[in-house]
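Work through the exercises below with the model open. Try each task before you read its solution.

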Amino acid sequence: MSFRQSITGVILAGGRGTRMGGQDKGLVLLSGKPLYQHILARLQPQVGEVLINANRNQARYSESQLAVISDLNNHFSGPLAGMQSALHHVTTDWLLFVPCDVPAFPLNLVEKMFNEKEKHLACYACDAEREHPTFALLHRSLKTQLDDYLARGDRKLMLFMHEVNAKSVIFSPESGSFANLNTLEDSRNWELQQKES
């Protein structure tokens, strides 16, 4: 069995989209199709199956024919809440999380993270500039630890990564971009760059 079959990819689209004017980020049109579909096209070949974490517009996301899961609570508690929901839902050993607003992430994301995780039960992506913990590979055995962490009222993703001794995996600029589209202006700029390249 390919290592990919042991990994479920999860697109994190459960946020409020505050900086996007309250729009559901994953559904913002980018070059004529919803942003999450750009993510899906890059993620799908890298994993065994994909599901979407969304707290709004579930019917729209369901049009993708993928499973759509909401957070276990309705507090919009951030990416860890989406990760928690997925850990409770999937049966594969590993889950690879990606945010819904980074359309050019590395095409070798899964392979590199899986091959470099060593004996760690969690790892996250970094580039030369900073950490990108929403790009994370987690073993499903971390479910209880994450439940306990959130039950304490903690929400900070990097703090949880440190708590579970997650490994950072360094990606070179040539492998792809972790730049996210936070605003409608970011989206327009990305479209212009694609037309020019």
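Three exercises with worked solutions follow.

The model is predicted: local features need pLDDT of at least 70, side-chain atom pairs count only at pLDDT 80 or more, and totals for chains, interfaces and linings use all residues. Residues are numbered from 1 along each chain as its sequence is written, and side-chain values use heavy atoms, with hydrogens and water left out.

**Exercise 1. Two listed positions**

Task: Locate Ala-13 and Asp-101, and decide whether each is buried or exposed.

Solution.
- Step 1: Start with the record. An unreviewed UniProt entry lists Leu-12, Ala-13, Gly-14, Lys-25, Asn-53, Asp-71 and Asp-101 under "binding site". Positions follow the numbering used here, feature names are shortened, and annotations may be inferred rather than shown by experiment.
- Step 2: Place Ala-13. It lies in strand β1 (residues 7-13). Helices (H or I, at least four residues) and strands (E, at least two) are DSSP runs, numbered from the N terminus.
- Step 3: Check its cover. Ala-13 counts as buried because its relative accessibility is 4%. Buried means under 20% relative accessible area, exposed over 50%, partly exposed in between (1.4 Å probe, protein chains only).
- Step 4: List contacts (heavy atoms within 4.5 Å). Beyond four places in sequence, Ala-13 touches Asp-24, Ile-52, Asn-53, Ala-54, Asn-55, Tyr-61 and Cys-100.
- Step 5: Turn to Asp-101. It sits in the loop between β6 (94-99) and α4 (109-116). At 7% relative accessibility, Asp-101 is buried too.

**Exercise 2. A polar partner**

Task: Which side chain makes a polar contact with that of Asp-101?

Solution.
- Step 1: Apply the cut-off. A polar contact is a pair of N or O atoms within 3.5 Å; within protein, one must be able to donate a hydrogen and the other to accept it, and residues adjacent in sequence count only if both atoms are side-chain atoms.
- Step 2: Scan the contacts of Asp-101 beyond four places in sequence. Among them are Lys-25, Leu-35 and Asn-180.
- Step 3: Pick the pair. The Lys-25 side chain meets that of Asp-101 at 2.7 Å.

**Exercise 3. Sheet and helix**

Task: Give the strand order of the seven-stranded sheet, then place α3.

Solution.
- Step 1: Read across. The open, mixed sheet runs β5-β4-β1-β6-β8-β7-β9. Strands pair if DSSP finds at least two bridges between them.
- Step 2: Find the edges. β5 (67-69) and β9 (167-170) each pair on one side only.
- Step 3: Add the helix. α3 (residues 79-89) packs on the sheet, touching β1, β4 (49-54), β5, β6 and β8.
- Step 4: Count its cover. Eight of the eleven α3 residues are buried.

Terms used: Axes fitted to C-alpha atoms, helices over the stretch in contact; angles between N-to-C directions.
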